Amino acid sequence: MPRDVLLVCTFMILMFMGLGPAHAAPEPARPIEGEYVAKDFHFASGETLPELRLHFTILGKPRRNAHGRIENAVLILHATGGSGHNFLADRFSGVLFGKGQLLDTSRYFIILPDGIGHGKSSRPSDGLHTRFPQYTYEDMVNAQYALVTQGLQVDHLRLVMGTAMGCMHTWMWGESRPDFVDALMPLACLPQQIAGRNQIWRDLIIDAIRADPEWRQGEYRSQPAGALRTAAGLLLIAGSAPLQMQTSLPTQGAADEFLRKYMERGLTDLDANDLLYQISASRDYDPSAGLEKIRAPVMWINSGDDFVNPPELGIAEREVRRVKNGRFILLPASDQTHGHGTHTWAEVWQQYLGQLLELPPP
């Protein structure tokens, strides 16, 4: 394990290296956090950082097959504005990571990274503000690869799964490293350039931040509250589910009170520069030209009430035909789906993950 991986206990390091006790009694998997520092990291823009901090959470331990290759590592990638900790919520981990469940952490080595600009990884709000490199999805995926291979010494992935932004990263993993991954599960995205309404709501957030006089070109003394209220509102609408909201907020008063509390909570967690970078990072995303390169089986899932990826566009049904081992599932909108956020409600789609894990590797 490289010295740059911090905060990981000695026992876990020994187990990674295959030096742990031969008959150590199994213990319940618990989340362990750490950092890998990538030295002299080069971005697609030509910018560099002497040190790029990549935070991660891991559960379980790696296992090597008879050929010495790790066979049970699972990389799970979060959505815009999120972090690896999102997957520790009960609606995800409680459905997938427990004893006898599909990604039982006594069998699988789960890797939950914080993407560049997110969570506890390096981000503009650390101090560089708008001098922070203008990272893109390409940079984020390259950093994930560095963390997996150099930081955690993992030479192969059983599965890459991603939600929303992580869904888009999953497509990029499948194309750029087709022999490194056995299976792909993109949740809530489309494998083409972001355009139409999807791009417009992103532009509205970017414009709101840059146009707010309190932003001060990124050197604000306090958060530009007006811009962040606009951004938080757009994020709420983009991630919402009409049936869920109508049921839980059946009156005007209930809706107004929900919005008030949402803004109180949401604004405390937003930083204008971080959000600006997070939204802008999608500008280079367009895996459409390389879908035929993907070799791993793909189980791709969107939901019928997804504001960000509306099913009536017909893009998914068209593009999945180009993926050799691809299958697309559209979950009908119901009282069980949660709009764009259905991606983290594992109970709704776990049966398809089970089917994917039963398929032979490429």
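Let's start at one small spot: Cys 189 is buried, with a relative accessible area of 1%. Keep in mind as you look around that this is a predicted model. Cys 189 has a partner, for a disulfide joins it to Cys 167, with 2.0 Å from S to S. Cys 167 is buried too, its relative accessible area being 0%. Both count as buried because each value, 0% for Cys 167 and 1% for Cys 189, lies under 20%.

A search of the whole structure finds one disulfide. The angle about its S-S bond is -65°, making the link of Cys 167 and Cys 189 left-handed. The pair connects distant parts of the chain, 22 residues apart: Cys 167 sits in helix H4, while Cys 189 lies in the loop between E6 and helix H5 (196–211).

From here, follow the chain into the sheet. Strands of a sheet pair through backbone hydrogen bonds, in either a parallel or an antiparallel way. In this model, an open sheet of eight strands runs in the order E1-E2-E4-E3-E5-E6-E7-E8, and its pairing is mixed. At the edges are strand E1 (32–42) and strand E8 (326–331), each pairing on one side only. From one strand to the next, the twist averages 20°.

Now look at E5 and E6. Strand E5 (residues 159–163) pairs with strand E6 (residues 184–187) in the parallel sense, over four bridges. Thr 163 stands opposite Leu 187 in E6. Helix H4 (residues 165–176) packs on the sheet, where it touches strand E3 (73–77), E5, E6 and strand E7 (298–303). The direction of H4 makes about 145° with that of E5. This brings us back to our starting point, since helix H4 holds Cys 167.

Terms used: Residues are numbered from 1 along each chain as its sequence is written. This is a predicted model: local features need pLDDT of at least 70, side-chain atom pairs count only at pLDDT 80 or more; totals for chains, interfaces and linings use all residues. Side-chain values use heavy atoms; hydrogens and water are left out. Two strands pair if DSSP finds at least two bridges between them. Helices (H or I, at least four residues) and strands (E, at least two) are DSSP runs, numbered from the N terminus. Axes are lines fitted to C-alpha atoms, for helices over the stretch in contact, and angles run from 0 to 180 degrees between N-to-C directions. Contact means heavy atoms within 4.5 Å. A disulfide is a pair of cysteine sulfur atoms within 2.5 Å. Buried means under 20% relative accessible area, exposed over 50%, partly exposed in between (1.4 Å probe, protein chains only).
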